[in-house]
Amino acid sequence: MKVPLLDLKPQYQTIKEEVLKVTEEIFESQNFILGSRVETLEKEIAEYCSSKHAVGVSSGTDALLISLMAADIGTGDSVITPTYTFFATAGSIARAGAKPVFVDIDSKTYNISSESVYRVIDNMTREERNKLKAIIPVHLYGQCCDMDSILEIAEKYNLIVVEDAAQAIGAEYKGRRAGSMSDFGCFSFFPSKNLGAFGDGGIVTTNSDEFFDKLRLLRVHGSHLKYYHKKVGGNFRLDALQAAIVSIKLNYLDGWTEARRNNADKYRELFIDAGLDDIVNLPAEKENRHIYNQFVIKLKEKRDDLRMFLNDAGIGTEVYYPVPLHLQDCFSYLNYRRGDFPVSEYTASHTLALPVYPELSYEQQAYVVEKIKEFYS
Ligand SMILES: *Cc1c(COP(=O)(O)O)cnc(C)c1O
């Protein structure tokens, strides 16, 4: 049996007619950049995410960068973020000209640990504290961070908060939607995200009128009036084709999310029935609405051997992320060492993402768990 990590083809079949229709309309109009399709999507996403505004951008990575730019974060500033996340989170801080300050994660949720944030801030000199301007919590794998603690820290130290919600569209924390709880919410439409475009794309949500204006200005080279530039921005535009396709898919998103959540429940039952709960640590689900962009298990031992065994059995898996960011070559100038963030380092070498996409069948899931049982027995 073949069980790919992700298969987008069955989903495409269900929306194909709508997509082809809108594609043809856009091709006939030859209007590709921004425009009414992007504005429509911005209104829809703002509503879906319970935010006042949304600004369509070129990618999730650029959503993070433009948010930092809109908050005037740059040279001489520093920004706290977890070391265990996709590269773009910290990459954007460095690209804005600021310094990433890494913190550890919680061992159960894999999200930013507020204890670690306090520890790192407590160890700062007064000068370092003055440079600290923002914090980027990441709602990893589709589950929101403990935002009450993050917002409390932000208030105490006067920090801008940018939620990296690239994996968490529609996730909730105590009834509040991911991306709506802070200054900026950054989303990605990369095809493997729960709401993916047919190419690159992203969006920023904000409740602030001032940040909304700034984001829209920076998106088009800092110019509202053509060829007159108030700020140095960039080309951070979302195109009409991607916006129109994402708008179509948004109508199906809640159904797909429910299917992912059901698949997560089925895995839980299957793993418990297989008596594997000793070796396999299942994802912890808090009071949040977890949207399962990834279903990540933590294994006591032999993660890499298991991965190879599953690959030979036709099962796709992935390691998110094998090297925490404080140990990446490009950040060696920050002088971190192995051992600085033990939870992140342990997690990076013991976790494995299993297929959880909406169209996965029960038979496929049963096969995955059966093969894992076979490997450990
Ligand atoms: C995917 C992702 C991004 C970047 O999004 P792109 O659209 O690929 O640029 C940023 N942060 C996290 C946590 C992601 O998963």
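**View 1. The seven-stranded sheet, an open one with mixed pairing.** Reading across this predicted model, the 7 strands come in the order β1-β9-β8-β5-β4-β2-β3. Strands here are DSSP runs of E with at least two residues, helices are runs of H or I with at least four residues, and both are numbered from the N terminus. Two strands count as paired if DSSP finds at least two bridges between them. At the edges sit β1 (53-57) and β3 (99-103), each pairing on one side only. From one strand to the next, the twist averages 25°. A word on bookkeeping: residues are numbered from 1 along each chain as its sequence is written, and side-chain values use heavy atoms, with hydrogens and water left out. Because the model is predicted, local features need pLDDT of at least 70 and side-chain atom pairs count only at pLDDT 80 or more, while totals for chains, interfaces and linings use all residues.

**View 2. Zooming in on β4 and β5, with helices on the sheet.** Strands β4 (residues 132-135) and β5 (residues 160-164) run parallel and are joined by 2 bridges. Ala134 is the residue facing Ile160 of β5. Helix α3 (residues 60-70) packs on the sheet and touches β1, β5, β8 (184-188) and β9; contact means heavy atoms within 4.5 Å. The direction of α3 makes about 160° with that of β8. Helix α2 (residues 36-48) lies across β1 and β9 (202-206), running at about 130° to β1. For these angles, axes are lines fitted to C-alpha atoms (for helices, over the stretch in contact), and values run from 0 to 180 degrees between N-to-C directions.

**View 3. The ligand and its surroundings.** The ligand has 15 residues around it, and the closest are Gly60, Thr61, Gln167, Ser188 and Lys193; a residue is near if one of its heavy atoms lies within 4 Å. Three polar contacts (pairs of N or O atoms within 3.5 Å) are worth a look. An oxygen atom of the ligand lies 2.6 Å from a side-chain N or O atom of Ser188. For the side chain of Lys193, an N or O atom is 2.8 Å from a ligand oxygen. Gly60 joins in through its backbone, with a polar atom 2.8 Å from an oxygen of the ligand. On its own the ligand exposes 380 Å², and the protein buries 92% of that (accessible areas by the Shrake-Rupley method with a 1.4 Å probe).

**View 4. A three-stranded antiparallel sheet.** This open sheet has the order β10-β11-β12. Its edge strands, β10 (280-281) and β12 (351-354), each pair on one side only. Between β10 and β11 (residues 295-299) there are 2 bridges, and Asn281 stands opposite Lys298 of β11. Helix α11 (residues 303-312) packs on this sheet, touching β11 and β12, with its direction at about 25° to that of β12.

**View 5. Where the two domains meet.** Domain 1 covers 9-250 and domain 2 covers 253-376, with bounds from an automatic or database domain assignment. Their centres, taken over C-alpha atoms, are 24 Å apart. Domain 1 puts 43 residues into the contact and domain 2 puts in 37 residues.

**View 6. Backbone oddities in two loops.** Most residues other than glycine have a negative phi, and most peptide bonds are trans. Tyr320 and Tyr321 are joined by a cis peptide bond with omega about -5°; Tyr321 sits in the loop between α11 and α12 (342-350). Tyr141 has a positive phi, near 65°, and lies in the loop between β4 and α7 (147-157).

Definitions and conventions
A polar contact is a pair of N or O atoms within 3.5 Å; within protein, one must be able to donate a hydrogen and the other to accept it, and residues adjacent in sequence count only if both atoms are side-chain atoms.
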